[in-house]
Amino acid sequence: MGLSGIEIFKKLPKTNCGKCGVPTCLAFAMKLATGQAELDACPDISENVKEEIGLASAPPVRTVVIGIGERATKIGGETVLFRHEKRFENPPAFTLLLSDNMDDLEISSRLSGFNNAVYERVSVVMKPELVAIRGDSADPLRFNTLVEKICNETDAGLILMNEDVEALSQAVRKCSGRKPLIYAATMENYEILGSLALELSCPLAVKGDGLEELADVCDKLIGMGLKDLVLDSGARNALEDQIIIRRCALMKKTKAFGFPTIVFPCLMTGNLMKETIIACQMIAKYGGIIVLSEIEGYSIFPLLLARMNIFTDPQRPMTVEEKIYEIGAVNENSPVLITGNFSLTYFIVSGEVEASHVPAYLLIKDTEGLSVLTAWAAGKFGADTIALFVKKSGIEEKIKHRRLVIPGYLAAISGELEEELPDWEILIGPREASHLPAYLKQLSA
Amino acid sequence: MRIDIPRVAYTGTIKEITLGRNKNKITIGGESCYPFHLFEGTMPNPPKIAMEVYDSAPEDWPDSAMEPFADVVDDPVAWARKCIDVYGAEMIALQMASTDPNGKNIPADKAAAIAKKVSDEIEVPLIIWGCENVDKDTEVLRSICEICEGRDLIIGPVVEGNYRAIGATAIAYNHTVIASTPIDINLAKQLNILLGNLNVPDDKIIIDPSIGPIGYGLEYTYSVMERIRVAALTQEDERLQYPIILNLAKEVWKIKEVNVSETEAPLYGHKKSRGVLFEALTAQCMLMAGANILIMRHPEAIGLVKESIKDLMNS
Ligand code: B12
Ligand code: SF4
């Protein structure tokens, strides 16, 4: 999005003084447009122009931060409608909903579900991010007590929800240092909650009955000077609203809709399986915060994976370094396996080798981030290139034997590989890495 | 404030294709907008789910997937009937897994006999899916095309390496073909052009873009599908205006995260529900990207996805 280089150039001093480190203003403008330079490098731009350019180059959906420190969660910042155009920026924050109507037992069991749900995949940690606390009891004390309790038990980012503005304000004041999301400003209460959010610099959710009212409340809040808003159109059947909000922000630059959204699959059904399906729709189509009733391993784990998939960079597959990886206490008799440098492949295979408790050498060949079969089909994992890599990898100095385990899916190249590596015996491993532990145990028996 | 919805200028429509025969025809495709963007276009035919049946008892399924079919897995006809009678299947997908030369390698005539039997005993549209070995599929799918003349089957995968042979036979016996390419919009278009040059009629082609399940390459399929739909609906790319099918269950149920037990991986949670959700979420993502037919396995996952389709169509 943002301004083109020429548009930026028009606003620069045009003295070509070179103080920015680039010989001309035009060259500097071009760098700015592609994000390779910072506005501050030019000492002669007026504050006004700075703000103009800064605003225009900000993403059309504002980045909003909830929570602090390591648990600060960024949402929004999006610039496209389809992930193939350019990477989606900030994955939607999965959020556990707690109510002050729940008893202590229920609260702690749900919270421990939330706290336990931490998974590592391709060396990325995946977990749900936020806890929403909703006042349903009509008892401000009860609500405040619960907020305090949750503050003590988790350092996750918080969403505080209460229709009782007084009770809500009290609770927000108590934990404003944690930068909770205040839920929610409406046509009735926006002045009070807007001022509160401004005063404490906390993000504020805005709820309208339908898109038109939502836009009206947002405009009023923007007028009051609020910057960090989160949108709830009130629809409990959200897809259409999500699409319209994103499109308005991107295609029409509608100011009122230039913010991330919050959606509530937990309020659209009473069934966790169905709720998970709705949450999945919202991952694909533009949910900013996705509020769930419960965090169960069987539901959150596939959701986290789906989210990771949709939010990976479509241009660059994740890769690991080409080298010899030693897994466990290897020695000169340890088995040698080979695979490609696609992160997913590496982590799956190394995980299984580790699980086998058989120390082994894992040779990772650069396949430009492609999986085994994809790399083979693309000519980057054929017998010739594998042989070359094995020879230059240095593995021959580390081991006494000459046996190489190749992926089961590459069985077809074993003959050719034996010709290319005449000193080596080629062993065809299992197709699925999950069968590696059994295979390695047998091999080393 | 009045909201002026920024609308997409659609210039194309996905072709409408009618599958099956007699009274049990099903129509797919026909949409004039992105998936479920019903505020600016129509989807006259909601996406459909085909239930999987295997030509012989599968050996590597987790109990949770096997359990609903345990009484019928040895008999493809009984299995198909159960899918239709008990689970309300609108379509059946017969997976000819045992023709695989790296597996049971049953001969083409035997495979054709199985397909014929299933086709004779069911009334809903029948998809026949080969073992994905180019040469063996040529042999098997051609035999099936012949022996099932007049049955209006949907056969695939038809790939670059065998489209001529299978395509020609399919035309001769009036079946629909599934044009399969490895997650690449240009290859998909190219194969559709080749099939068109071979005179396969426009209402007899379905695109299979290939699938990775969640956690295993889903994003690639997802984006290729979105790109296909953008090209088909807004860029007048006629050779991409076909319905899309995804053979997803067999990819989902083989992954480790679905098969590992709760005792081994307590954080993954209840094994059956997890498998059901891995399948249903993979399907859901594909729906968001433009799927018209989903080949699925577990009745509970199918139930969830059907309900989701219904909700999305009514919103
Ligand atoms: C996603 C995908 C892509 C992505 C790339 C993803 C990536 N980073 O690699 C994209 C869209 C870019 C792609 C492109 C292509 N693809 Co592709 N792709 C897939 C898909 C759907 C999934 C691959 C994947 O990510 N698998 C997951 C990883 C983890 O699997 P893996 O590396 O194989 O590892 C597993 C096992 O091999 C084993 N293992 C791994 N290492 C080792 C080591 C040892 C010792 C052992 C024992 C086991 C073991 O463990 C792992 C888990 O069990 C598959 C089809 C499918 N459903 O599998 C097709 C597939 C691999 N692609 C295919 C093809 C043909 C291509 C293209 C050549 C198409 C084209 N002509 O453009 C291109 C090539 C790329 C290029 N030119 O740059 C074909 C290969 C056909 C064949 N049998 O040769 C497949 C099988 C699809 C098909 N059915 O036709 N592809
Ligand atoms: S410092 Fe400012 S005025 Fe000087 S050349 Fe750079 S952009 Fe132009």
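This report describes a predicted model, going from the overall build of chain A to the two ligands and then to single residues in chains A and B.

## Chain A as a whole

Chain A has 445 residues, and 55% of them count as buried. Its secondary structure consists of 16 helices and 17 strands. Measured out along the principal axes, the C-alpha trace covers about 80 × 70 × 35 Å.

The domain assignment splits chain A into domain 1 (5-56), domain 2 (63-310) and domain 3 (323-444). Between the C-alpha centres of domain 2 and domain 3 of chain A the distance is 45 Å.

## Ligand 1

Ligand 1 is placed between chains A and B. Its surroundings comprise 34 residues, and the closest of these are T339(A), T345(A), G369(A), S371(A) and E432(A). By residue class, the shell around ligand 1 holds 24 nonpolar, 6 polar and 4 charged residues.

Three residues of chain A have a polar atom listed against an atom of ligand 1. The table gives the atoms and the distances.

| Residue | Atom in the residue | Atom in ligand 1 | Distance |
|---|---|---|---|
| T345(A) | polar side-chain atom | oxygen | 2.7 Å |
| A433(A) | backbone N or O atom | oxygen | 3.0 Å |
| T374(A) | polar side-chain atom | nitrogen | 3.5 Å |

Four elements of chain A give two or more residues to the shell around ligand 1: β14 (336-340), α12 (343-356), α13 (372-377) and β16 (403-406). Of the elements, α13(A) supplies the largest share, with 5 residues.

## Ligand 2

The residues around ligand 2 are from chain A, and they include C17(A), C20(A), C25(A) and C42(A). Also in this set are P13(A), T15(A), N16(A), G18(A), K19(A), F28(A) and P43(A). The shell around ligand 2 is made up of 7 nonpolar, 3 polar and 1 charged residue. Ligand 2 takes up the space of the second largest cavity.

One of the residues around ligand 2, C25(A), also serves as a reference point for R121(A). The C-alpha atoms of these two residues are 45 Å apart, with their positions 96 residues apart along the chain. R121(A) belongs to strand β4 (residues 119-121) of chain A. Is R121(A) buried or exposed? R121(A) counts as buried because its relative accessibility is 9%, under the 20% cut-off.

## Buried residues in chain B

T169(B) is part of helix α5 (residues 163-173) of chain B. With a relative accessible area of 8%, T169(B) is buried. Its side chain makes a polar contact of 3.1 Å with the side chain of R142(B).

N292(B) sits in the loop between α10 (271-289) and β10 (293-296) of chain B. N292(B) has a relative accessible area of 2% and is therefore buried, as the limit for that class is 20%. Which residue, 49 residues apart from N292(B) along the chain, has its C-alpha atom 5.7 Å from that of N292(B)? That residue is P243(B).

## Backbone geometry

Two cis peptide bonds can be described. In chain A, the bond joining Y183(A) and A184(A) is cis, with omega about 0°. A184(A) lies in strand β8 (residues 181-185) of chain A. In chain B, the peptide bond from G156(B) to P157(B) is cis, and omega is near -5°. P157(B) is in strand β6 (residues 154-158) of chain B.

Positive phi values are found at H357(A) and N174(B). Phi of H357(A) is near 60°, and this residue is not a glycine. H357(A) is in the loop between α12 and β15 (360-365) of chain A; α12 (343-356) is also among the elements that give residues to the shell around ligand 1. At 70% relative accessibility H357(A) is exposed, since the cut-off for that class is over 50%.

N174(B), likewise not a glycine, has a phi of about 65°. N174(B) is found in the loop between α5 and β7 (176-180) of chain B. The element α5 of chain B is also the helix that holds T169(B). Which accessibility class does N174(B) fall into? At 42% relative accessibility, N174(B) counts as partly exposed.

How values were computed. Residues numbered from 1 in each chain as written. Chains lettered and ligands numbered in written order. Heavy atoms only, no water. Near = heavy atom within 4 Å. Polar contact = N/O pair within 3.5 Å; in protein donor to acceptor, adjacent residues only side chain to side chain. Nonpolar A, V, L, I, M, F, W, Y, C, P; charged D, E, K, R; others polar. 1 Å grid on protein atoms, 1.4 Å probe; cavity = no way out; pocket = protein on both sides within 12 Å on 5 of 7 lines; lining within 4 Å. Sits in = over half its atoms within 2 Å of the grid points. Domains from an automatic or database assignment. Buried < 20%, exposed > 50% of the residue type's maximum accessible area, 1.4 Å probe, protein only.
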